[in-house]
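Visitor: Could you take me on a close look at a single part of this chain? I am in my first year, so please go step by step.

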Amino acid sequence: MAVEDVEFRQNSSVMYDEMISLRLGLIPLKTKLDDYNLPNECTCKGEGCAKCTATLTLSAKGPCIVYASDLKSKDPAIVPIYPEMPIVKLLKGQELELEAKAQLGLGRVHAKWIPAFVFHTYEPVIKINNASSKLNECRDKLPPQIFDGNKISEKKIMEHNLVDAVEGVCDDVIKVTHNESNFMLTVESFGQLSIKDIMKKACEVLKAQSDELLKEL
Ligand SMILES: [Zn+2]
């Protein structure tokens with residue numbers, strides 16, 4: 001869910017309407033996937049109705065800083081996740097009044113609809129030689145977090161996500177190779193959706209696309 005349309009009633013701030021709209025679009029909103037339709041799949045055919053659009057209003061008078069928390073939503077489920085994100089600073093006498101429409105969308109259409117940071121890497125295979133004579137020599141080049149007392153611990157390397165930081169520093173002490181038949185998927189949600197919901201939806205989309213391909217075949 002993200003702000004898609006903004007109607008300005010009043011804007012005497014130093015920022016143009018377009019810039020404020022862009023900032024509003026990038027404010028992550030809590031999303032309820034089951035409560036809303038994608039506008040182009042909605043019964044209103046994208047015109048905008050209660051089933052596909054959430055309305056937020058904002059009214060502020062300077063001097064103040066306008067924060068995400070100043071956005072008042074008609075649907076209590078659709079609210080900014082980070083209330084302290086600043087939108088614009090208003091000086092004495094400046095005013096901002098607007099109505100914003102938030103809709104569901106796809107990350108490939110606009111980055112504001114991307115709900116998470118997702119990447120995958122091959123499974124690292126880490127060989128540690130704590131008895132190496134070079135350990136003292138390269139100790140300063142390695143992150144201190146990976147040491148458990150005087151010994152390097154694989155558990156700590158994984159725990160602190162430091163595989164890239166130790167790879168290639170000193171192969172005698174830590175040798176990193178990759179198992180190409182297994183990978184690790186990292187999903188870091190921005191807060192709009194839980195990781196479970198993101199994965200569930202991604203699998204649904206993948207399945208629908210596979211069904212489509214089968215049908216075509
Ligand atoms: Zn609709």
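Guide: Happy to! Let's begin with lysine 45, which is exposed because 11 other C-beta atoms lie within 10 Å, and a residue counts as exposed at 12 or fewer. Bear in mind that this is a predicted model. You will find lysine 45 in the loop between α1 and β2. Its backbone has a positive phi of about 55°, although lysine 45 is not a glycine.

Now follow the chain into β2 and on to the loop between β2 and β3 (64-67), where proline 63 sits. The peptide bond leading from glycine 62 to proline 63 is cis, with omega near 5°.

The two elements beside the loop of lysine 45, α1 (17-25) and β2 (53-61), each give two or more residues to the largest nonpolar core, as do β1 (2-11), β5 (86-90) and β6 (95-103). That core has 23 residues, and among those touching the most other members are Leu24, Leu29, Leu56 and Ala100. The largest share of this core, 4 residues, comes from β6. Take alanine 100 as an example: leaving aside neighbours within four places in sequence, alanine 100 is in contact with Val3, Val6, Leu24 and Leu56.

Finally, here is a residue to set beside lysine 45. Asparagine 161, in the loop between α3 (154-159) and α4 (163-166), has a positive phi of about 55° and is not a glycine. Asparagine 161 counts as exposed, with 10 C-beta neighbours inside 10 Å.

Definitions and conventions. Residues numbered from 1 in each chain as written. Predicted model: local features only at pLDDT ≥ 70, side-chain atom pairs only at ≥ 80, totals over all residues. Core = buried A, V, L, I, M, F, W, Y, C linked by C-beta atoms within 7 Å. Buried ≥ 20, exposed ≤ 12 C-beta atoms within 10 Å, placed from the backbone. Contact = placed C-beta atoms within 7 Å.
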